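User: I've got a model open and want to check the terms people use for its empty spaces and its ligand sites. Can we go through them one by one?

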Amino acid sequence: MQKLTIRCPDDMHLHLRDGANLKRSVADSAYRFARAIVMPNLVPPISNTAQALGYRERILSALPADLDFEPLMTLYLTETLSPDEIVVAQQSGFIHGIKLYPAGATTNAEFGVSRMERVYPVLERMEKLAMPLLVHGEVVDPEVDAFDREAVFIERELAPLMARFPGLRIVFEHITTREAVDFVRGGPAHLVATVTAHHLLLNRNALFAGGMRPHHYCLPLLKRESHRQALLEAATSGDPKFFLGTDSAPHTRHAKESACGCAGIYTAHAAIELYAEAFASANALSRLEVFASQYGADFYGLPYNSESMALEEIAVEVPSSLFFGEEALVPFRAGEQLAWRLSS
Ligand code: DOR
Ligand code: ZN
């Protein structure tokens, strides 16, 4: 049996939701991660510092008494966000990034940006203050093939944005394509990317295996196998530009199994175990620690966590559903096996 001990990891891209739903999501993440960059796409969105601080308190109130966890908050970039709010956010010490959703690109993205020019003054202030921009990198143009939306975003939006704000610190979130890997690699040191466990483990065939699989529907969509391989190679290469961000995104069973189901895959119940499986598949377990516990902290200017965590290669079955507030949540690998588990 293989065993692995690593410094406690951080999840640099996480959806926790709010209210009664926090109990499940916060506990699952806090059990595995010391800190997480928390996404602001609530309804209404977390779009100023006061709201983010309130949300942070609600997250901490939902934390089980025996666990430590530090939520690293973000603000939602709306077209009405003021540049001065970036100063307030930074001075609070609790806000670590500003999230850009192209309007309509994904779950609760309707409050996002439809014309990039409208947020130039905010981006200029962020560049000056070294506040990171966290980017959902997909175009929303309905003429563009759904599987090409990330690659087209690079050309149409991201490259021009970087030319205009060359010093802006950017996280290209949950990358899914070879084009994104190449673009990040070829860019400046302050352009980095997060990679999810599900995009490392699945290709787009998983959406249609034996029938429609709503629990494999996320955005950006799973891509073809050659892209998955490019992601796995990048994540396991030891390049500090690529680090862990699960994009774990819980939705109720009801919201997923629907005629128009929500995008999002819940991996928080087994996130580090799933990354261990992906890294083991590439014979790269020795590189899991830098990817999961160091490179993200380096980018965000955070100290490394001092605690460690142990994993062992023993198969465990995932429940077919979990409690999520009053409702049910179908987790990744529901009713199937994980190859790794946390060891005490
Ligand atoms: O699959 C996704 N789910 N992608 C996103 O960008 C948002 C997320 C969510 O909030 O559900
Ligand atoms: Zn996300």
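Analyst: Sure. A cavity here is a set of grid points where a 1.4 Å probe fits but cannot get out, and its volume is the space filled by probe spheres set on those points. By that reading, the second largest cavity of this predicted model holds about 50 Å³ of space.

User: What makes a residue such as Lys256 part of the lining of that second largest cavity?

Analyst: A lining residue has an atom within 4 Å of a grid point. Lys256 is on the list for the second largest cavity, along with others including His215, Tyr266 and Phe332. By class, this lining divides into eight nonpolar, three polar and one charged. Lys counts as charged.

User: How many cavities of 30 Å³ or more are there, and what is the volume of the largest?

Analyst: Three reach that size. The largest has a volume of about 120 Å³. Its lining takes in 15 residues, and nearest its centre lie His15, Thr106, Leu219, Asp247 and Ala249.

User: Why is the space of about 310 Å³ called a pocket?

Analyst: A pocket is an open set of points, while a cavity is one the probe cannot get out of, so the 310 Å³ space counts as open. Cys8, Ala30, Ala34, Asp68 and Glu307 are the closest to the centre of this largest pocket. Helix α1 (residues 22-32) gives the most to its lining, with three residues. The class split is seven nonpolar, three polar and five charged.

User: What makes His13, His15 and Asp247 donors of the zinc ion (ligand 2)?

Analyst: The cut-off for zinc is 2.8 Å, and the coordinating atoms, NE2 of His13, NE2 of His15 and OD of Asp247, sit at 2.0 to 2.1 Å. That is inside the limit, so they qualify. Along the chain the spacing reads H-x1-H-x231-D. His15 lies in the loop between β2 (10-14) and α1, and Asp247 in the loop between β9 (242-244) and α9 (253-256), so the pair ties together parts that are 232 residues apart in sequence.

User: Are His15 and Asp247 buried or exposed?

Analyst: Both are buried, which means each has under 20% relative accessible area.

User: How do you know that Thr106, His251 and Gly264 make polar contacts with ligand 1?

Analyst: The limit is 3.5 Å between N or O atoms. For oxygen atoms of ligand 1, the distance is 3.1 Å to the side chain of Thr106, 2.8 Å to a polar side-chain atom of His251 and 3.3 Å to a backbone N or O atom of Gly264. Each value is within the limit, so these are polar contacts.

Methods: Residues are numbered from 1 along each chain as its sequence is written. Chains are lettered from A and ligands numbered from 1 in the order in which they are written. This is a predicted model: local features need pLDDT of at least 70, side-chain atom pairs count only at pLDDT 80 or more; totals for chains, interfaces and linings use all residues. Side-chain values use heavy atoms; hydrogens and water are left out. On a 1 Å grid over the protein atoms alone, a cavity is a set of points where a 1.4 Å probe fits but cannot get out, and a pocket is an open set with protein on both sides within 12 Å along at least five of seven lines; lining residues have an atom within 4 Å of a point. Helices (H or I, at least four residues) and strands (E, at least two) are DSSP runs, numbered from the N terminus. Donors are N, O and S atoms within 2.8 Å of the metal (3.2 Å for Na, K and Ca); water is not among the atoms, so sites may look incomplete. Buried means under 20% relative accessible area, exposed over 50%, partly exposed in between (1.4 Å probe, protein chains only). A polar contact is a pair of N or O atoms within 3.5 Å; within protein, one must be able to donate a hydrogen and the other to accept it, and residues adjacent in sequence count only if both atoms are side-chain atoms.
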